[in-house]
Amino acid sequence: MKSKITVIGIGPGNAGDMTTGAIEALRRADIIVGYKYYIPFITSFLKPDATIVQNGMKQEQKRIEKAFEIAESGQDVCVISSGDSGIYGMAPLVYEMLRDRESDIEVEVIPGISAFQKAASLLGAPMGHDFCVISLSDLMTPWAVIERRIKAAVDADFVTAVYNPKSTGRYWELYRLKELFMAGRSHETPVGYVRQAGRDEQQVTVTTLKEFDPEEVDMFTVVIIGNSQSYSWGGHITTPRGYYRENRDDGATPGQSIMIESFRTIEREMANPDIPLDMKWPMLHAIHTTADFDMENVVKADSGAMGRIYSALTEGGVRTIVTDVTMAASGIRKGALERLGIEVKCYLNDPATIELAKEKGITRTQAGIRLAVEEHPDALYVFGNAPTALMELCSLIRHHKATPCGIIAAPVGFVHVCESKHMVKPFTDIPKVIVEGRKGGSNLAATLVNAILCWPDAQLLKPGRDV
């Protein structure tokens, strides 16, 4: 009968976290081979006459060679490994040596609870969706490879558990990991770290990516970084799997669900997601509509503009939005308008507009704004096409004939476009959203209005209520 090497995962260090299979194997063992730091965790389960072979850190190969010598002499032997022996443990080394020695020794692996699983249980439920585990130790793996894996984890939006985050000689790697995550994930992403998980010295901390301090971490700590859907509450972190969200009636339509996921993707890929919400919200809508991340550079919202315009349209006496062209009007969500009791008007094709344009020798859009101001001087004015219309409004404001509750300045083109946007900036008392430079368009202007009409949903990053 062939002798046997049993590789046992003994868990993170607490007898309560050891599996029944591991305990039974230890109780039967005559010879145990292991790292001396872990021996005290298992002595209570061993037979009084069990032989213990132990050595120190960085002597893993010698440890397993000794186990094979014992097994090849005809005796069964148990190799202990902290956590799960197959995760940064002894099982891979045993199988590598089994192949290289061309040995006929039988090998059995008894799984254990890994340190990241114990840490996750103490933090709540951060590993509820796809995740990865990355070790920052470069003893066996070049740092360039580790960094490539970190970037892949960030890009793929994996919940990420970090092993071996620091040691006496390795102090900067965790700072670099934080830098990489900060570049590709929301700075408010929840981060949890557990020191000495399952042991007497256990410490559990929940924070955010921005506030995470690598100096509070040592080699006995497991760090877990959430994904874009993870959230913290009451000192816990949760990463939803989707069951609850999919089975509850939260009013989200399929179209809205897609839009919510799109916004999460956009936020992950933004160069600078850590900006005030009343700037981020219109920017997310603009990027979603155009698939152009240059919107980060050109969409500018006055501080508080979103809330002020929304309040004027819902709590004040203003119930009208005026657009320069019909295409901008058609892009504003009808459901939102009905929900809030707001009407949209475009004077472009009004007979009086056509007549005025001919009489004064001005553009129809310019004439349309002139007529709109006579009827609705305090409306929200929206421009997605015609710079002359925006310039007309600026002139009427200066002559105290127009007092708009807000302005969306997003005309597109090459003639007078930039100038028209510069002309509106001095009106500091009027809340504005401006698309700088030549870029703009009716679709962009409409989506910025839609962002205003669902402003109360911004805090939860839940767009598309009326989709």
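**Exercise 1. In which loop is Pro377 found?**

Before we start: this is a predicted model, where local features need pLDDT of at least 70, side-chain atom pairs count only at pLDDT 80 or more, and totals for chains, interfaces and linings use all residues. Residues are numbered from 1 along each chain as its sequence is written, and side-chain values use heavy atoms, with hydrogens and water left out.

*Solution.*
- Step 1: Pro377 lies in the loop between α15 (364-375) and β17. Helices (H or I, at least four residues) and strands (E, at least two) are DSSP runs, numbered from the N terminus.
- Step 2: Pro377 counts as partly exposed because its relative accessibility is 28%. Buried means under 20% relative accessible area, exposed over 50%, and partly exposed in between (1.4 Å probe, protein chains only).
- Step 3: Not counting residues up to four places away in sequence, Pro377 touches Ala372, Lys401, Ala402, Thr403 and Pro404. Contact here means heavy atoms within 4.5 Å.

**Exercise 2. Follow β17 into its sheet.**

*Solution.*
- Step 1: β17 (residues 380-383) pairs with β18 (residues 406-409) in the parallel sense, over 4 bridges. Two strands pair if DSSP finds at least two bridges between them.
- Step 2: Tyr381 stands opposite Ile407 in β18.
- Step 3: The open sheet has 6 strands in the order β14-β19-β18-β17-β15-β16, with mixed pairing.
- Step 4: β14 and β16 (343-346) are at the edges with a single partner strand each, so one side of each has no neighbour in the sheet.

**Exercise 3. Explain why Cys346 forms no disulfide.**

*Solution.*
- Step 1: A disulfide is a covalent bond between the sulfur atoms of two cysteines. The cut-off used is a pair of cysteine sulfur atoms within 2.5 Å.
- Step 2: The closest cysteine sulfur to that of Cys346 is in Cys405, 17 Å away, which is too far for a bond.
- Step 3: Cys405 is in no disulfide either, with the sulfur of Cys394 nearest at 15 Å.
- Step 4: The structure holds 0 disulfides.
- Step 5: Now try exposure: Cys346 is partly exposed at 25% relative accessibility, whereas Cys405 is buried with a relative accessible area of 13%.

**Exercise 4. Check the length of helix α9, then look at its surroundings.**

*Solution.*
- Step 1: The expected span is 1.5 Å times one less than the number of residues.
- Step 2: For the 14 residues of α9 (residues 277-290) that gives 20 Å, and the end C-alpha atoms are 20 Å apart, which agrees.
- Step 3: Buried residues of α9 include Trp281, Leu284 and Ile287. Among the elements covering the buried residues are α8 (254-269) and α18 (442-453).
- Step 4: Just after α9, Ala291 takes a positive phi of about 55°.
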